[in-house]
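Welcome! Below are some short exercises, each with a worked solution. Please take a moment with the structure before you start.

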Amino acid sequence: MTTSDDVREIALSLPETTEKIAWSMPTFRVAGKMFATLPEDETSMAVRCPKEERNELVLAEPEKFWIADHEASFAWVRVRLAALEDRDELRDILVDSWKQAAPPRLLEARAGKTGR
């Protein structure tokens, strides 16, 4: 089972990521732009996700993904940490969210290292 400690470890391993408390919860940012949060009791996380994709995620895997009422008009989705398969799935979700917030120079540097 993945935990908030796993979220923190993976998020902070991504280039130029910082952790900042905002709205009484940990948030993770790249170049000042938020890409993940650990709301409430840290059993879930919120990540960036294009609205068209998040609706598909929620419909396909409602045990894993949902949209918080106050985030409905924003491009964010909630993820139940206990429902994730493993740390690799958690990493994939966090990297995808990080890429949506990261500036082009970081994306280019990452693409050069990984070939993607």
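**Exercise 1.** In this predicted model, how far apart are the mean positions of the positive and negative charges of the protein?

*Solution.* Start by counting the charges: the protein has 17 positive and 22 negative ones. Next, take the mean position of each group; these two points are 7 Å apart.

**Exercise 2.** Work out how the radius of gyration of the protein compares with that of a compact globule.

*Solution.* Begin with the chain length, which is 116 residues. A compact globule with that many residues would have a radius of gyration near 13 Å, and the value for the protein is 14 Å, so the two agree. Now add the outline: along the principal axes, the C-alpha atoms fill a box of roughly 35 × 30 × 30 Å. Then turn to the surface, where about 6,500 Å² is accessible and 52% of this area belongs to carbon and sulfur atoms. As for the inside, 41% of the 116 residues count as buried. Finally, look at the contacts between residues with a separation of 6 or more: 48% of them link residues 24 or more positions apart.

**Exercise 3.** List the elements of the protein from the N terminus on, and find the order of the strands in the sheet.

*Solution.* First count the elements: there are four helices and six strands. Following the chain from the N terminus, they run α-β-β-β-β-α-β-β-α-α. Now turn to the sheet, which is open, holds six strands in the order 1-2-3-4-6-5 and has antiparallel pairing. Strand 1 (17-22) and strand 5 (65-66) stand at the edges with a single partner strand each, so one side of each has no neighbour in the sheet. A general point helps here: the strands of a sheet pair through backbone hydrogen bonds.

**Exercise 4.** Which strands pair with strand 4, and how many of its residues are buried?

*Solution.* Locate strand 4 at residues 44-48. On one pairing, two bridges join it to strand 3 (residues 33-37), and the two run antiparallel. Here Thr37 has Ala46 of strand 4 as its bridge partner. On the other pairing, five bridges join strand 4 to strand 6, again in the antiparallel sense. Val47 stands opposite Val77 in strand 6. For the last step, apply the cut-off for buried, which is under 20% relative accessible area: four of the five residues of strand 4 are buried, so this strand is mostly covered.

You can follow strand 6 (residues 76-80) one step further, to strand 5, with which it pairs over two bridges in the antiparallel sense. There, Trp66 stands opposite Arg78.

**Exercise 5.** Ser24 and Glu40 each have a positive phi; where do they lie, and are they buried or exposed?

*Solution.* Take Ser24 to begin with. Its phi is about 65°, although Ser24 is not a glycine. Ser24 sits in the loop between strand 1 and strand 2 (25-30). With a relative accessibility of 76%, Ser24 counts as exposed.

Now take Glu40, also not a glycine, with a phi of about 45°. Glu40 belongs to the turn of the hairpin that strand 3 and strand 4 form, with six residues between the strands. A relative accessible area of 61% makes Glu40 exposed.

Note on methods:
Residues numbered from 1 in each chain as written. Predicted model: local features only at pLDDT ≥ 70, side-chain atom pairs only at ≥ 80, totals over all residues. Heavy atoms only, no water. Rg over C-alpha atoms; globule rule 2.2 N^0.38 Å. Buried < 20%, exposed > 50% of the residue type's maximum accessible area, 1.4 Å probe, protein only. Contact = heavy atoms within 4.5 Å. Areas by Shrake-Rupley, 256 points an atom, 1.4 Å probe, with all protein chains shown as cover. Lys, Arg positive; Asp, Glu negative; His and termini not counted. Charge placed at Lys NZ, Arg CZ, Asp CG, Glu CD. Pairing = 2+ DSSP bridges.
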